[in-house]
Amino acid sequence: MPTAEVCAAAARIVHDVTENGRSLEAAATSHLPEDHPNRRSEVREIAWGGVRWWFRYHRMLSEKLHRPIRRRDRILESLIICGLYQLDHLKEPDYAVTSGTVDAASLLGAPKAKGLVNAVLRARLRDGEARTMNEEAALAMPEWLLNLIRDTWPDDWRDILTVANCKPPMTLRVNPLKMSRDDYLQLLQDHGIAASACDLSPWGVILETPVNVGELHGFETGTVSVQDAAAQMTPLICEPPEGARALDACAAPGGKTTHLLEHFPQLASLTALDLPDRCETIRENLSRLALTAKVLAADLFQLDTWWDGTPFDLILLDAPCSGTGVIRRHPDIRHHRRADDIARYSERQKQMLNHLWELLAPNGQMVYVTCSILTQENDRPVRDLCAKHPDAQLQKPQLAGAIKTDCGIQFLPGTAQDGLYYASIRKA
Ligand SMILES: C[S@@+](CC[C@H](N)C(=O)[O-])C[C@H]1O[C@@H](n2cnc3c(N)ncnc32)[C@H](O)[C@@H]1O
């Protein structure tokens with residue numbers, strides 16, 4: 001049952017994300033109740049749902065309320081949105097949701113607003129959703145982002161946005177150095193965890209219901225990692241020769257670094273580079289999986305701080321991006337990105353690719369990856385690289401489940417995978 005404390009904590013998280021620009025994880029760290037695992041998961045469920053569906057309910061409230069909620073009372077809007085989310089998406093009794101939400105107004109310092117909160121939730125129960133809600137508003141996305149995704153994917157945008165509003169599956173990657181996927185599936189079954197082999201990745205396992213990693217047999221000892229299916233494609237695209245020197249230029253937290261090491265024992269070395277405050281997560285993952293890489297804490301642009309001058313045979317650039325392919329995993333992306341961010345990401349991606357090209361050996365391979373579904377961040381930086389470097393030859397990877405683009409391949413976000421882009425460029 002959602003108590004007033006639970007509803008108030010969820011509202012604080014939603015408010016922190018939507019009004020104060022904090023990330024969902026950071027806001028949750030501040031407001032999740034500490035010693036109550038059940039209450040924590042209730043708050044999480046409601047807060048994540050409130051952030052996910054915020055644009056839809058915000059639109060509905062602006063149509064319903066005679067006067068907009070004052071800026072300094074905006075936390076009440078977050079509270080009401082958390083209440084509406086529970087009524088529409090959770091199986092709690094209506095009376096419990098209503099009374100928990102109404103009482104939470106006092107905990108948030110606004111006891112006088114209890115009448116308003118009560119009236120809005122009761123009207124929702126009585127009248128259903130506003131008839132004027134059009135399809136686009138119902139998809140709960142900021143308008144600029146919806147338009148951009150619709151322009152980029154005119155045939156797929158509805159499916160993409162529908163998936164963005166779903167809860168993501170928990171997908172595992174089985175480490176073949178430790179166990180086969182079939183054996184791990186058997187192990188899960190023996191432990192009463194329902195799971196199936198994933199079609200896209202030969203190492204992927206999709207759990208029917210997400211669990212705590214602590215409950216996963218072999219997680220601590222490196223038998224499995226948590227990684228989305230489309231993110232598991234790196235070893236199918238990289239082709240390092242025997243004795244290759246490899247660079248993972250944006251490596252943290254090490255998902256793709258460790259995957260490369262699990263598959264390419266023939267590498268002479270793998271350098272995993274990331275900014276200083278991100279490197280600890282790479283070390284932790286390497287240590288859990290008992291794998292070895294040279295972890296370098298540096299800015300990839302500052303060559304004199306980290307590069308010894310010897311070129312690499314394989315460079316993986318999993319570049320910082322808008323994250324438009326992983327909105328279902330990070331529902332706060334829709335609140336934090338702005339339209340002009342996309343051009344900035346694109347520019348940075350071009351700079352990174354062009355800069356790293358100079359470190360690639362002749363006949364070396366550059367693999368470019370993003371978790372974006374936008375051309376500006378995908379084909380465009382790759383095309384820019386090829387235009388500037390006559391020795392850059394596009395290779396067209398072909399993988400089942402991916403759409404071919406002009407310069408690479410795109411996995412669109414679907415029920416079983418996130419949206420990722422891959423391109424491979426060979427140096428003549
Ligand atoms: C998409 S994430 C990488 C995810 C990682 N490849 C994985 O699979 O686990 C992008 C990374 O780029 C790093 N990054 C951003 N700017 C950088 C720079 N100038 N030099 C090095 N790393 C950078 C970020 O810190 C972030 O960890």
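This note sets out the main features of a predicted model of a protein chain with a ligand.

1. Basis. Residue numbers start from 1 along each chain, following the sequence as written. The model is predicted, so local features need pLDDT of at least 70 and side-chain atom pairs count only at pLDDT 80 or more, while totals for chains, interfaces and linings use all residues.

2. Overall form. The protein chain holds 16 helices and 13 strands (DSSP runs numbered from the N terminus: helices are H or I with at least four residues, strands are E with at least two). Its radius of gyration, taken over C-alpha atoms, is 23 Å, close to the 22 Å that the globule rule gives for 428 residues, so the chain is as compact as a globular protein of that length. That rule is 2.2 Å times the number of residues to the power 0.38. Along the principal axes, the C-alpha atoms fill a box of roughly 70 × 50 × 40 Å.

3. Domains. The assignment gives domain 1 (4–138), domain 2 (170–226) and domain 3 (230–427); such bounds come from an automatic or database domain assignment. The C-alpha centres of domain 2 and domain 3 are 25 Å apart. Their contact (C-beta atoms, placed from the backbone, within 7 Å) takes 14 residues from domain 2 and 13 residues from domain 3.

4. Core. Of the 428 residues, 45% count as buried, meaning that 20 or more other C-beta atoms lie within 10 Å of a residue's own; 12 or fewer make a residue exposed, and values in between partly exposed. The largest nonpolar core (buried Ala, Val, Leu, Ile, Met, Phe, Trp, Tyr and Cys residues joined through C-beta atoms within 7 Å) has 122 residues, and Leu317 is among those that touch the most other members. Helix H3 (residues 37–64) gives the most to this core, with 10 residues. Not counting residues up to four places away in sequence, the contacts of Leu317 include Ala249, Cys250, Met352 and Val369.

5. Ligand shell. Sixteen residues surround the ligand, and Cys250, Ala252, Gly255, Leu300 and Asp318 come nearest; a residue is near if its C-beta atom, placed from the backbone, lies within 6 Å. Helix H12 (255–263) and strand S6 (269–274) each supply at least two residues of this shell.

6. Glycine 218. This residue lies in the loop between strand S3 (204–207) and strand S4 (224–226). Glycine 218 counts as partly exposed because it has 16 C-beta neighbours inside 10 Å. Not counting residues up to four places away in sequence, glycine 218 touches Thr223 and Val224.

Terms used:
Two residues are in contact if their C-beta atoms, placed from the backbone, lie within 7 Å.
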